[in-house]
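Trainee: I have a new structure open and I'm not sure how to read it. Could you walk me through it?

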Amino acid sequence: APAPPVVVDLTAASSSDDDERGPSRKKARAAPRGPTDGPVAVGPWRVSRQGFGTLALGTAYSPGGRPSEADAIQLVRLAAARGVTFFDAADVYCFDASETHYAERLLARALAGGPQVVVSTKGGLKRRGDGTRSNSWHFGYKLAARDVRARVDASRAALGSEHAVIWSLHNVDAWEPRSKEFSEVLEAMRAACDAGAADALGLSNASADHVAVASRALGARLVAVQNEYSLYERRAERPAKPHAAKSNKDGVLSECARRGVAFVSFGVFGGLKARQGKRALGVGDAVGALARRTGAASPQDLVLAWLARKNVVALTGARRREHVVDPARVAALSLSDADLRALEAAKPTTTRK
């Protein structure tokens, strides 16, 4: 295996004095770090506890469609200016198959010339349709091992080589963890990483068994697992079940911790059902009441502060400036143990099934 790279704290150079035109070159003075505002380890990098994802910038999945390319670039730059050093994309974050890699190219343009960040991208999922409906994604599709290198190379070409790139297999739960075909895909991922096509590797939508198998196959190359985790979706916390189905996500948090792999949470404010109007975090529920009592700027900030205590990278996204995450504001939110217990016991609003 290649020697592990030197640990790099990417949060040390971020500055909230920058603006949306792009991160400045000056280095910010190091601020005192508390239990929820220090960086999170993702492989050899130390990144912000809140990341910025590009699903809403690349697809027409959310109500209102996606912003213009120029507006999307400004949103990415505003996130970077506020200290975000972990960005997420996928080759299929685009309107349709004719513009594959749209979100990756957008990130490359938005982040060009700025301080170093980590870009985590995903490949292996197949699109069908224009991305306005959930059935626009072919979740059962299995990327052939022989096609892995081409996918990784294409994402690297779209993203460029200015920033560190983690390439993750997108729909891992399509494979049986201990199958020969999954082993072959992992072997192809390992070869692509060793050839320099990616700086590190990851998994998305994985079970605890997938993480265990991939960790043994990939070693230190495996640095991140990206699964859904929120007040609505907490299967990752549960104990793993022996001989569980390939789609079972119980126990992934503890398996990642055991393997030294970072956990990256998506859907942190309710995920797909929130975009469909079936969930309304903080609206008439205990989460909203607790946000007001603790002085949080929003229920979303409260949730991010809770996730920061879990030592995960929480992916956020935005189609408007007022929704771009502010890590400094989240870090300033002080929560007592009683606050955290109350939040974990709260039942966030579900508007309809």
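Here is a short talk through confidence, the barrel and a pair of helices.

Mentor: Keep in mind that this is a predicted model, so let's begin with confidence.

Trainee: Fine. What does the protein chain average in pLDDT?

Mentor: The average is 85, and 82% of the residues score at least 70. Where pLDDT is low, the predicted coordinates should not be read in detail. Here, pLDDT stays under 50 over residues 1-5, a stretch with four contacts beyond four places in sequence. Residues 15-35 also stay under 50, and for them the model has 37 such contacts.

Trainee: Now the strands. In what order do the eight strands close into a barrel?

Mentor: Go round it as 4-5-6-9-10-11-12-13, with parallel pairing. From one strand to the next, the twist averages 30°. Take one pair: strand 12 (residues 262-266) and strand 13 (residues 313-316) are joined over two bridges. There, Val264 stands opposite Val313 of strand 13.

Trainee: And the helices? Which strands does helix 4 lie across?

Mentor: Helix 4 (residues 145-159) lies across strand 6 and strand 9, at about 145° to strand 9.

Trainee: How do I describe two helices that pack together?

Mentor: You give the angle between their axes and the distance between the axes. Helix 4 packs with helix 5 (residues 180-194) at about 35°, the axes being 8 Å apart. The crossing is right-handed.

Trainee: Which residues of helix 4 and helix 5 make the contact?

Mentor: Helix 4 brings Ala145, Val148, Arg149 and Val152, while helix 5 brings Glu184, Val185, Ala188, Met189 and Ala192. By class, that gives seven nonpolar, two charged and no polar residues.

Key. Residues numbered from 1 in each chain as written. Predicted model: local features only at pLDDT ≥ 70, side-chain atom pairs only at ≥ 80, totals over all residues. Heavy atoms only, no water. Pairing = 2+ DSSP bridges. Helix = DSSP H or I, 4+ residues; strand = E, 2+ residues; numbered from the N terminus. Axes fitted to C-alpha atoms, helices over the stretch in contact; angles between N-to-C directions. Contact = heavy atoms within 4.5 Å. pLDDT = per-residue confidence, 0-100. Left-handed = near helix turned anticlockwise from the far one by under 90°. Nonpolar A, V, L, I, M, F, W, Y, C, P; charged D, E, K, R; others polar.
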